[in-house]
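Okay, thanks for squeezing me in, everyone. I'll put the structure up and then walk through a few spots.

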Amino acid sequence: MRAVIGLGNPGKKYESTRHNIGFIILDEIAYKHKLTFKPSKNDYLYSEGSILSSDFFLVKPTTYMNLSGIAIVDFLSKYLIPLNNILVIVDDVNLELGKIRLRQSGSDGGHNGLKSIIYHLQDDKFPRLRFGVGNKFEKGELADYVLDRFSQEELNSIKESVNYTVELVEQFIVGGYKVMLDYFSKQNKLKNNNQ
């Protein structure tokens, strides 16, 4: 059993914002596999599915970004999924728009959602996928930037990356982090060879 956790903020106000790319990607996976999210008794929405006999959960914390760790601990304590079997999807302002970076563990990199998860788990050894949202903002405007909605032009330009991320997540669900990383490396090689 694996779990894919997309970080974001709940509610209409935050739909399609840069900070909510984790929710956006989970919605795409759910749509592709005809799944719906349902509320839990705790602070998260979840969905259950299966790909090639590999069962998985999709999880959206509803605690707001900076308290994501509370929801994750609640979820993991209920379902007892080991940390190497979870994948956390977050936005990253240090990556150009649509660029993807995979990490098996590590620091929060200044991301408050990851910071909360690491703090509440007391551990940073869990896979994460960082999705670039660019950094076209002035000093002191980070919060406004990540809470601002993607423009239609930006949504069009990341569509391919979002679809690719869905493929990466499917690889993770079926085979774990290493299988996802191998797929990622192969696709990057193919892309570089075709340029």
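So, where does K34 lie? K34 sits in the loop between α1, residues 21-32, and β2, residues 38-39. Keep in mind that what you see is a predicted model. I picked K34 for its backbone: phi there is near 55°, so a positive value in a residue that isn't glycine. As a general reminder, most residues other than glycine have a negative phi. The relative accessible area of K34 is 75%, over the 50% cut-off, so K34 is exposed.

There's another one like that to look at. Y64 has a positive phi too, near 80°, and again the residue is not glycine. You'll find Y64 in a loop as well, running between β4 (54-61) and α2 (68-79). Y64 has 42% relative accessibility, so we call it partly exposed.

Now please swing over to β6, residues 100-103, where R101 is placed. Which side chains of β6 are buried, and which are not? I100 and L102 point to one face and are buried, whereas R101 and R103 point to the other face and are not. That's the textbook picture: in a regular strand, side chains alternate between the two faces of the sheet. R101 comes out at 33% relative accessibility, so it counts as partly exposed.

On to the neighbouring topic, pairing. β6 runs antiparallel to β7, residues 128-132, and four bridges join the two strands. One pairing to click on is L102, whose bridge partner in β7 is L129.

Last thing, back to the arginines: R101 and R103, together with K99 and K191, form a positive surface patch. That's my tour, happy to rotate things for anybody.

Key:
Residues numbered from 1 in each chain as written. Predicted model: local features only at pLDDT ≥ 70, side-chain atom pairs only at ≥ 80, totals over all residues. Heavy atoms only, no water. Patch = residues over 30% accessible without salt bridge, like charges linked within 9 Å, V, L, I, M, F, W, Y side chains within 5 Å. Areas by Shrake-Rupley, 256 points an atom, 1.4 Å probe, with all protein chains shown as cover. Salt bridge = Lys/Arg side-chain N within 4 Å of Asp/Glu carboxyl O. Lys, Arg positive; Asp, Glu negative; His and termini not counted. Charge placed at Lys NZ, Arg CZ, Asp CG, Glu CD. Buried < 20%, exposed > 50% of the residue type's maximum accessible area, 1.4 Å probe, protein only. Pairing = 2+ DSSP bridges.
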